[in-house]
Amino acid sequence: PLDGPASPLAFAPLDGGPPLTVDQLVVKHKRKELLSTPLLRSLVGRKWRDFGAGVFWRRTAQYLFLVGAAFANSLDLRAGGADPAVVASSPVFVVSTLALLGSWPFFFSVESAGVRRNGLAAHFGSAWNVLDAGHLLAILALPPLHFLPQQPADAGALEASAYAVAQSLPGLLQLSFAVRGLEYASLFRSLGPLLVTVRGMLVDITRFGGLYAFVLIGFANAFFVLFALSGESLDYGGYPRILQEQLLWLLSSVDRSLLDGLTGQLHATGDVLFWGYIVLSYFVLLNLLIAVFNSTFEKVQRQAFNEWLFLRMATMLDFEARVAQPPRGGQQNEPARWLDAYYGELEDTSNSRSVELGVGGAPSSSSRGRSI
């Protein structure tokens, strides 16, 4: 049984590293198949109930508060017409800006703690952490955008591009917030396995895109050479329009007006290229993608629940690492008390198990070790 204060059961790895708990070993070596065992499923379920769920709902509320403040700040972006006096007196601007600046230090502390704990390269090896860092920078840029003057009529190309980026930032930030919210949604049992399946399909789309790029560019070069041989000017739209039309053809929006500039034998060659592209991309590659989707869905669906449990276990380890340790004699914060309750329950479960007596009243060897 566990002796003394409740603490996690840790094992010393053979490579001489620091002791690791069972869930840390599973995550480190990515042994997702072990999560199909009832013992580990019970372990994940108890830890989520006693510790993870409370931290998750607290983090979710903080994240939604940040998203709501950014949304309100973006809606009021042009309310003052770039007049500093009017902007500064807007209640929506004042409240949303105070909310953004008030919540920013918390999320910055979470990111900085992750960098100190894992190192810069390892921390930003995760796309979620890169997205979080981008959010922190974009949030600081939102309030100053209210004081951005109107774009001058004689603005140069570089200045016009800067204005376009600045004006697009609030909308792009809301889209980025929605993407980041997928990680929060993936921890729900009803959504997590489904999102794991979608992630597998996105990987397939990436692989398909690499294959389709060769077909797209090859046929685009062929069409471009035909137009050059026909002496057709770039009034037809040039190479960008060729790529655009090819993508529309793949989506069943067929418009052959692109080929009207070709005459004689070149027009016949253009027809051959057109039908060759349709057969290869639409009837072959697109149906191949559908078949791959079906195969991926069946394959990932079999392991989706274990993948979701693995994601939940890894997230709880991240929560556990971020629980602040109070000073000696200080009062524990609430997440630390939840964590102690979880390990205390494991200790009670271990101590409540009956001890089988061996010969002479000594405990049998099967009941002497620590139990999880």
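## Close-up views of the predicted model

**View A. Phe224, at a relative accessible area of 32%, is partly exposed.** Relative accessible area is taken with a 1.4 Å probe on protein chains only, and residues under 20% are called buried, those over 50% exposed, and those in between partly exposed. The model is predicted, so local features need pLDDT of at least 70 and side-chain atom pairs count only at pLDDT 80 or more, while totals for chains, interfaces and linings use all residues. Residues are numbered from 1 along each chain as its sequence is written, and side-chain values use heavy atoms, with hydrogens and water left out. Phe224 belongs to helix H8. Its C-alpha atom lies 6.5 Å from that of Tyr239, a residue 15 positions away in sequence.

**View B. The protein chain comprises 11 helices and 2 strands.** These elements are DSSP runs numbered from the N terminus, with helices (H or I) of at least four residues and strands (E) of at least two. Along the sequence their order is β-β-α-α-α-α-α-α-α-α-α-α-α. The chain has 372 residues, of which 34% count as buried. Contact means heavy atoms within 4.5 Å. Among contacts between residues at least 6 apart in sequence, 71% join residues at least 24 apart.

**View C. The largest pocket holds about 1,600 Å³ of space.** Rolling a probe the size of a water molecule over the atoms shows where empty space is left. On a 1 Å grid over the protein atoms alone, a pocket is an open set of points with protein on both sides within 12 Å along at least five of seven lines, whereas a cavity is a set where a 1.4 Å probe fits but cannot get out; lining residues have an atom within 4 Å of a point. Grid points are joined across faces, edges and corners, and the volume is the space filled by probe spheres set on them. The lining of the largest pocket consists of 50 residues, and those nearest its centre are Ser126, Trp128, Glu183, Leu311 and Thr315. Two or more lining residues come from each of H1 (22-29), H2 (38-75), H4 (91-118), H5 (120-123), H6 (127-145), H7 (157-185), H8 (192-229) and H10 (265-322). H10 contributes the most, with 11 residues. The lining contains 26 nonpolar, 10 polar and 14 charged residues. In this classification Ala, Val, Leu, Ile, Met, Phe, Trp, Tyr, Cys and Pro are nonpolar, Asp, Glu, Lys and Arg are charged, and the others, Gly among them, are polar.

**View D. The second largest cavity encloses about 40 Å³ of space.** The whole structure contains 3 cavities of 30 Å³ or more. Asp23, Leu43, Val44, Lys47, Met313, Met316, Leu317 and Tyr342 line the second largest one. At least two of these lining residues come from each of H2 and H10. By class, the lining has 6 nonpolar residues, 2 charged residues and no polar ones.

**View E. Helix H4 has a kink of about 30 degrees at Trp104, shortly before the proline Pro105.** The bend at a residue is the angle between axes fitted to the seven residues ending there and the seven starting there. The expected span of a helix is 1.5 Å times one less than its number of residues. For the 28 residues of H4 this gives 40 Å, which agrees with the 41 Å between its end C-alpha atoms. Buried residues of H4 include Phe93, Ser96, Leu100, Ser103, Trp104, Phe107 and Val110. After H4 comes Gly119, with a positive phi near 90 degrees.

**View F. Thr97 and Glu111 are two residues of helix H4.** Thr97 counts as buried because its relative accessibility is 10%. Leaving aside residues up to four places away in sequence, Thr97 touches Asn73 and Pro143. Glu111 likewise counts as buried, at 8% relative accessibility. Beyond its neighbours within four places in sequence, Glu111 is in contact with His123, Phe124, Asn129, Asp132 and Leu136.

**View G. Gln24 lies in helix H1, and Lys30 in the loop between H1 and H2.** Gln24 has 30% relative accessibility and therefore counts as partly exposed. Gln24 and Ala314, 290 residues apart in sequence, have C-alpha atoms 8.0 Å apart. Not counting residues up to four places away in sequence, Gln24 touches Pro19 and Leu317. Lys30 counts as exposed, at 60% relative accessibility. Although it is not a glycine, Lys30 has a positive phi of about 55 degrees.
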